[in-house]
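Work through these short exercises with the model in view. Try each task before reading its solution.

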Amino acid sequence: MAATWSLEPAGRCSWDEPVRIAVHGLAPRQPVTLRASLRDEKGALFRAHARYEADAGGLLDLERAPALGGSFVGLEPMGLLWALEPEKPLVRLVKRDVQTPFAVELEVLDGHEPDAGRVLGRAVHEREFLRPGVRREPVRAGGLRATLFLPPGAGPFPGIIDLFGTGGGLCEYRASLLAGHGFAVLALAYFRFEDLPENLEALHLEYFEEAVNFMLQHPQVKGPNVGLLGFSKGGDLCLSMASFLKGITATVLINTCVANTIASLHYKDMIIPSLGSDPGRCTINESGHLHFMDVWDNPLEEPNHPSIIPVERAQGPFLFIVGMDDQDWKSPVYAQIASERLQAHGKDQPQIICYPGTGHCIDPPYFPPCRASVHTVLGQAIVHGGEPKAQSRAQVDAWQQIQTFFHKHLSGKKFAQSSKI
């Protein structure tokens with residue numbers, strides 16, 4: 001008996017878009033195993049599988065049928081994607097070339113693994129990172145090393161600058177997906193890319209100011225302000241940008257520190273030192289992976305006060321996305337420090353959304369949760385935390401919260417533009 005896959009929407013769809021998966025033509029109550037696999041641009045293989053039973057009519061609909069075991073259990077319509085695991089441990093699934101889709105290979109096998117029999121049907125599901133009409137424009141204006149993504153249509157569009165963390169390079173996949181939701185998004189590199197510095201040493205806020213000015217002067221960007229989206233080290237850079245630069249009115253931070261970290265930050269005649277750290281406080285778990293969370297000094301202790309970013313200088317609101325199981329940073333503590341500092345200076349309380357069971361790497365929806373990986377700079381395995389099912393749900397919700405926040409606050413209304421330095 002040949003089984004056929006049914007995917008809605010049919011054909012190619014965006015990576016952050018849910019798809020309804022079903023298998024037709026099975027025998028009544030037939031036990032089957034579903035398998036999914038994909039290879040990234042470097043050839044790394046990621047796989048997931050789950051055991052199911054068809055209904056009385058021989059239909060298996062993942063929106064109605066719970067998984068009976070495998071990579072996940074229960075009713076998980078998108079489990080075959082978020083439960084993908086690397087064949088080689090500690091490899092994180094990222095999209096390096098957003099101009100090509102990921103091809104997910106799907107198979108349905110007779111019976112339940114490990115005793116599953118022959119393959120009954122196959123399908124290939126393509127998931128893209130550039131929705132139809134989204135434009136990708138490399139930016140090499142002045143010193144900037146970036147890529148601008150513009151939505152379909154005439155514009156202008158609300159503008160966002162997107163920063164990643166200590167892995168370096170130019171990460172485009174989050175910006176390209178956000179552009180599919182009506183934003184002009186600048187994915188900005190700041191080290192380990194082309195002629196930028198190879199390592200995080202002294203950083204100069206003038207570089208990031210150049211990015212803000214580029215966006216505000218772009219005819220496809222709706223002024224008079226832009227938003228910022230930062231993850232990890234990129235988050236504390238966004239806090240500094242919001243605190244010292246003009247033209248910023250909404251800032252989203254994903255698992256970040258309230259102090260400047262790793263490298264000193266320079267702007268005009270000001271220097272914010274890096275928060276102190278002691279690598280000797282790093283711990284190693286039974287798998288030999290590093291826990292970095294306790295390495296950092298307490299920013300509230302007086303010797304560390306100069307490294308705290310003066311968030312009270314910022315215009316516009318903040319949204320903190322916090323993984324409660326973040327093993328890289330004490331993100332819940334840092335978000336609370338920022339909140340208390342803002343309120344102590346008469347500013348609005350920031351929006352803080354805490355996700356239980358969620359680790360450091362909060363990606364767009366349906367990326368497999370990255371609980372540990374080999375750091376691209378350190379070359380060592382780092383624990384990030386998180387429980388797969390909880391994190392998969394958090395990523396779906398956080399993605400919607402980010403869009404809602406930016407649509408609300410990047411409306412084009414005028415805000416005071418006084419200098420903050």
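**Exercise 1. Locate L90 and describe its backbone.**
Step 1: L90 sits in the loop between β8 (85–86) and β9 (102–110). Strands are DSSP runs of E with at least two residues, helices are runs of H or I with at least four, and both are numbered from the N terminus.
Step 2: Its phi is near 70 degrees, a positive value in a residue other than glycine.

This is a predicted model, where local features need pLDDT of at least 70, side-chain atom pairs count only at pLDDT 80 or more, and totals for chains, interfaces and linings use all residues. Residues are numbered from 1 along each chain as its sequence is written, and side-chain values use heavy atoms, with hydrogens and water left out.

**Exercise 2. Place A372 and list what A372 touches.**
Step 1: A372 belongs to strand β24 (residues 372–374).
Step 2: Leaving out residues up to four places away in sequence, A372 touches L90, H289, I382, V383 and H384. Contact means heavy atoms within 4.5 Å.
Step 3: L290 is 82 residues from A372 along the chain, and their C-alpha atoms are separated by 9.2 Å.

**Exercise 3. Describe the second largest pocket.**
Step 1: Its volume is about 530 Å³. A pocket is an open set of points on a 1 Å grid over the protein atoms alone, with protein on both sides within 12 Å along at least five of seven lines; a cavity is a set where a 1.4 Å probe fits but cannot get out; lining residues have an atom within 4 Å of a point. Grid points are joined across faces, edges and corners, and a volume is the space filled by probe spheres set on the points.
Step 2: The pocket is lined by 24 residues, of which P86, P369, C370, R371 and A372 are the closest to its centre.
Step 3: Sort the lining by class: 15 nonpolar, six polar and three charged residues. Here Ala, Val, Leu, Ile, Met, Phe, Trp, Tyr, Cys and Pro count as nonpolar, Asp, Glu, Lys and Arg as charged, and the others, Gly among them, as polar.

**Exercise 4. How many cavities of 30 Å³ or more does a search of the whole structure find?**
Step 1: The search finds four.
Step 2: The largest cavity has a volume of about 60 Å³.
Step 3: F164, G165, G168, G169, C171, L188, A189, Y190 and F191 form its lining. Six of these are nonpolar, three are polar and none is charged.

**Exercise 5. Work out how α3 and α4 pack.**
Step 1: Helix α3 (residues 205–217) meets helix α4 (residues 233–244) at an angle of about 75 degrees, and their axes are 11 Å apart. Axes are lines fitted to C-alpha atoms, for helices over the stretch in contact; angles run from 0 to 180 degrees between N-to-C directions.
Step 2: α3 and α4 are therefore roughly perpendicular, a label for angles of 65 to 115 degrees.
Step 3: L205, F208 and V212 of α3 make the contact with L237, S240, M241 and F244 of α4. Six of the contact residues are nonpolar, one is polar and none is charged.

**Exercise 6. Find where G155 and G223 are joined to a proline by a cis peptide bond.**
Step 1: The bond from G155 to P156 is cis, with omega near 0 degrees. P156 lies in the loop between β12 (146–150) and β13 (157–163).
Step 2: G223 and P224 are also joined by a cis bond, with omega about 5 degrees. P224 is in strand β16 (residues 221–231).

Definitions and conventions: Angles under 35 degrees count as roughly parallel, over 145 as roughly antiparallel, 65 to 115 as roughly perpendicular and the rest as oblique.
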